[in-house]
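Here are my comments on the model, set out as numbered points for you to read beside the coordinates. They begin with a pair of charged side chains and then move to the metals and the ligand.

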Amino acid sequence: MSSLNRPASDGVSPPLDTVLNGLAHPVVAFDHDGEVTYANSSAQVRLGGWIVGLSFADVFPGHEMAFDRAASAGEVTLTSRAHVQYRGLFGAPSATGVALSLLPEEAADASTALAEADELTGLVKRNGLNARLEAALAFPAGDGKWVTVHCIDLDRFKVINDTLGHGVGDLLLKKVADRMRSACRKDDCIARVGGDEFVIVQNGVVDRSDAERLAARLVDLIGRTYVLNGHTVNIGASVGVAMIERGNSARDLLRNGDLALYEAKRAGRGRFRMFETGMDAALRDRRELEIDLRRALALKQFELYYQPFVDLSTDTVMGFEALIRWNHPVRGRISPADFIPLAEETGLIAKIGEWVLRSACMTAATWPDEMTVAVNISPVQFKSDNLVATVVSSLAHSGLSAQRLEVEITEGVLIENTDHVLKTLHALRDLGIKISMDDFGTGYSSLSYLQKFPFNKLKIDRSFVQGAEAGGDNEAILKAIAGLGVSLGMAITAEGVETSEQLDRIRDEQCTHVQGYFTGRPMPADGIAAFLSR
Ligand code: C2E
Ligand code: MG
Ligand code: MG
């Protein structure tokens with residue numbers, strides 16, 4: 001250790017090390033051979049961790065020969081391993097070596113970059129953001145405060161832009177920018193880094209709760225209703241938050257913020273997530289699963305199971321719902337709840353959904369004539385233009401009549417792109433296919449959806465069926481949905497019936513069909529004949 005670490009001699013002044021660590025700018029001491037003998041906290045953060053023992057050239061690559069010249073020159077320009085340029089000032093050499101203090105060049109550039117504003121919103125642009133971040137990282141306040149970034153993505157902005165036009169979209173972005181300004185302090189940096197993507201550098205963060213408070217406030221403020229040219233508009237914001245850790249670069253910080261943002265979106269949008277170390281691993285895991293999913297169709301790893309549904313007036317099996325299973329060679333059987341969302345995110349659902357339709361129709365064509373097959377169709381499939389054509393060709397190829405096919409959709413289908421979806425639903429209906437609304441009661445459950453399209457069947461989600469004790473809230477909801485369906489002329493299926501008590505309760509309501517483990521678990525196609533003969 002160098003003499004710089006010598007404790008204070010008078011017992012009153014703080015130790016020199018404490019003073020140096022309190023400095024905002026990096027200070028490094030070298031011995032006469034150019035080996036680092038000391039680095040204050042700021043230097044460790046900026047120059048890549050514990051650098052004591054490294055050579056001048058390790059710390060400033062490309063400056064191999066420069067140490068002697070540099071030290072005698074007094075003032076030099078140096079580039080760090082993180083490609084940040086500094087103005088370096090050498091002190092007078094002593095018996096033990098020479099000290100170097102660093103001022104980031106970016107600090108000078110920052111003001112120019114920051115001055116360049118995004119035309120529409122007046123916010124800082126990406127260059128300005130980078131400059132600001134570099135500067136913030138180069139001058140850690142040394143007072144226990146954390147540099148924090150909030151990566152923000154607007155939810156449903158594209159829909160507004162597409163349906164109400166760019167004029168309204170632009171207006172919306174301006175209002176969003178205003179709301180961000182009102183949530184932030186004057187010295188925070190708000191940047192627009194993409195069409196509907198923003199990054200905020202928050203200053204003066206003492207602990208995690210400071211960052212959480214701003215993130216929650218952003219989600220709340222941006223999510224409030226807007227009135228734009230007479231249109232009432234609702235969007236949301238997803239926010240990923242990352243706080244600087246020792247040795248992080250600006251790039252790490254933004255990457256961590258993006259990972260957290262990705263998690264916020266995956267968790268359902270309209271919320272914030274703080275970066276956690278495990279997120280890298282979780283992402284890697286998902287990427288691997290995605291690669292496997294791409295190959296699963298070709299490797300024939302998917303299989304359809306079939307679960308019977310029963311008509312309550314006759315107690316006979318009316319048909320089966322096709323439920324996909326993925327037989328993964330390493331992970332075993334993966335539930336659709338775990339891979340359908342990934343298939344939807346990646347667009348793979350189109351091919352998988354087509355396979356499901358074709359296989360289900362082929363299998364159902366071998367069943368007794370009166371039996372129907374129900375197929376789940378993802379909202380993503382509804383957005384494509386060739387769903388109707390796929391259905392038509394699946395029926396033609398299998399020889400199954402359209403009357404024996406039921407399509408199950410969730411309410412999510414009707415939230416975006418309603419006109420296109422309604423057109424598709426009517427086209428399917430015109431073919432003679434029955435349409436069911438699945439999982440009713442769990443999503444938005446807007447009654448207006450029931451008004452927009454005359455569904456043949458409502459399937460009440462199992463959470464209401466299983467929790468329907470006599471006189472409880474769920475029983476009341478069950479009763480109300482069933483009554484509503486009946487008066488609208490729809491059949492009502494109670495999902496998830498597991499016990500005879502639940503079945504009795506369902507019979508008391510006006511449900512027409514039942515589906516659940518009690519009347520039959522999902523089974524492979526080759527188990528159906530035996531099941532029906534029982
Ligand atoms: P869903 O369409 O509501 O299907 C019913 C789910 O409830 C099935 O889960 C079924 O196994 C389960 N279930 C049935 N009876 C009972 C019961 O008595 N108790 C309990 N606890 N559960 C019961 P599964 O097969 O894991 O499918 C989950 C969801 O994945 C389905 O919900 C559906 O939304 C989706 N899904 C399944 N197959 C496909 C497919 O081929 N395409 C698409 N797009 N989605 C699918
Ligand atoms: Mg279903
Ligand atoms: Mg369901």
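1. Glu290 is partly exposed, because its relative accessibility is 21%, and the cut-off for a buried residue is under 20%. This is a predicted model, and the value should be read as computed from that prediction. The partner of Glu290 is Arg294, whose side chain meets that of Glu290 in a salt bridge with an N to O distance of 3.0 Å. Arg294 also counts as partly exposed, since its relative accessible area is 47%. The two residues are four apart in helix α11 (residues 278-296), so about one helical turn separates Glu290 from Arg294.

2. A second pair within one helix is formed by Arg181 and Asp178, whose side chains meet in a salt bridge at 3.0 Å, N to O. Both residues belong to helix α8 (residues 166-183), where they are three residues apart, about one turn of the helix. Arg181 is classed as partly exposed because its relative accessibility is 35%, and Asp178 is partly exposed with a relative accessible area of 45%.

3. The structure holds 21 salt bridges in total, and Glu263, Arg266 and Arg286 are linked in a network of such bridges. The side chains of Lys459 and Glu408 meet in a salt bridge at 2.6 Å, N to O. This pair links distant parts of the chain, with Lys459 in strand β19 (residues 457-460) and Glu408 in strand β17, 51 residues apart. Lys459 and Glu408 are both buried.

4. Glu408 also takes part in a metal site: together with Glu321 (OE), Asn376 (OD1) and Asp438 (OD), Glu408 (OE) coordinates the magnesium ion (ligand 2), at 2.0 to 2.2 Å. Two of these donors come from distant parts of the chain, Glu408 in strand β17 (residues 405-409) and Asp438 in strand β18 (residues 434-440), 30 residues apart. The donor spacing in sequence is E-x54-N-x31-E-x29-D. Both Glu408 and Asp438 are buried.

5. Asp438 bridges the magnesium ion (ligand 2) and the magnesium ion (ligand 3), and the two ions lie 4.1 Å apart. The magnesium ion (ligand 3) is coordinated at 2.0 to 2.5 Å by Asp438 (OD), Asp439 (OD), and Glu495, which is listed twice (OE and OE). Here again the chain is brought together from distant parts, as Asp438 in strand β18 and Glu495 in strand β20 (residues 491-495) are 57 residues apart. Asp438 and Glu495 are both buried.

6. What surrounds ligand 1, and which residues come nearest? There are 23 residues around ligand 1, of which Arg325, Asn376, Asp438, Glu498 and Tyr517 come nearest. By class, this shell has eight nonpolar, seven polar and eight charged residues. Its largest share, four residues, is supplied by β14, while β14 (316-328), α12 (336-346), β18 and α18 (462-466) each contribute at least two.

7. Polar contacts of ligand 1 involve both backbone and side-chain atoms. A backbone N or O atom of Ile324 lies 3.1 Å from a nitrogen atom of ligand 1. An N or O atom in the side chain of Arg325 is 2.8 Å from an oxygen atom of ligand 1, and a polar side-chain atom of Arg462 is 3.0 Å from an oxygen atom of ligand 1. Taken alone, ligand 1 exposes 800 Å², and the protein buries 84% of that area.

Methods. Residues numbered from 1 in each chain as written. Chains lettered and ligands numbered in written order. Predicted model: local features only at pLDDT ≥ 70, side-chain atom pairs only at ≥ 80, totals over all residues. Heavy atoms only, no water. Donors = N, O, S within 2.8 Å, 3.2 Å for Na, K, Ca; no water. Buried < 20%, exposed > 50% of the residue type's maximum accessible area, 1.4 Å probe, protein only. Near = heavy atom within 4 Å. Polar contact = N/O pair within 3.5 Å; in protein donor to acceptor, adjacent residues only side chain to side chain. Areas by Shrake-Rupley, 256 points an atom, 1.4 Å probe, with all protein chains shown as cover. Nonpolar A, V, L, I, M, F, W, Y, C, P; charged D, E, K, R; others polar. Salt bridge = Lys/Arg side-chain N within 4 Å of Asp/Glu carboxyl O.
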